[in-house]
Amino acid sequence: RGSDLYTLRQGGFHITVPDKRFREEKLRIKPHPRPRNDPEGYSKKEKIHCISCDSDWGVVGIWMSNEFPLLKCKCFVFEISGVSTVFKKWSKATFVIQSIQEHPEFRNILAVEEQET
């Protein structure tokens, strides 16, 4: 559901579902063949796959000392006004994705980031 999606940075397109049940029930975690740090301060160390069909859904990213599944937009079908839609990039999504700051468990994460910069 779109309401389960959160963006880690305002204006950014690293999208996650921070619910631990999502990770436990929907994801299979595999080692990343080329773990790396990206220029935005994320450490990408593992791949995430659908637990049912093994499709590549993205990576596990570490940001602000927290692990998040970072999802590939093109791997999901969204139903909008009864029409199934796939977006190639999160920036093309036609619905609002809330900030991680709105999630009760991570409410203060952006405030901490702003203080550090």
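In what order do the 4 strands of the open sheet lie? In this predicted model, the order is 3-4-5-6, and the pairing is antiparallel. The edge positions are taken by strand 3 (27–37) and strand 6 (66–71); each has a single partner strand, so one side of each is left without a neighbour in the sheet. From one strand to the next, the twist averages 30°.

Within this sheet, strand 4 (residues 43–50) pairs with strand 5 (residues 56–63) in the antiparallel sense, over 6 bridges. The residue standing opposite Lys47 is Val59 in strand 5.

Aromatic contacts were examined next. The structure contains 6 aromatic pairs. One of these is formed by Phe22 and Trp57, whose rings lie 6.3 Å apart centre to centre with 10° between the planes. This pair is stacked, because planes under 30 degrees apart count as such. Phe22 belongs to helix 1 (residues 20–26) and Trp57 to strand 5, so defined as DSSP runs; with these positions 35 residues apart, the pair links distant parts of the chain. Both partners, Phe22 and Trp57, are buried.

A further pair is made by Phe78 and Phe87. The ring centres of Phe78 and Phe87 are 6.0 Å apart and the planes stand at 40°, so this pair is tilted. Phe78 is buried, as is Phe87. These two residues also belong to a cluster, in which ring pairs link Phe78 and Phe87 with Trp90 and Phe95.

How values were computed. Residues numbered from 1 in each chain as written. Predicted model: local features only at pLDDT ≥ 70, side-chain atom pairs only at ≥ 80, totals over all residues. Heavy atoms only, no water. Pairing = 2+ DSSP bridges. Helix = DSSP H or I, 4+ residues; strand = E, 2+ residues; numbered from the N terminus. Axes fitted to C-alpha atoms, helices over the stretch in contact; angles between N-to-C directions. Phe/Tyr/Trp six-rings, centres within 6.5 Å; stacked < 30°, edge-to-face > 60°. Buried < 20%, exposed > 50% of the residue type's maximum accessible area, 1.4 Å probe, protein only.
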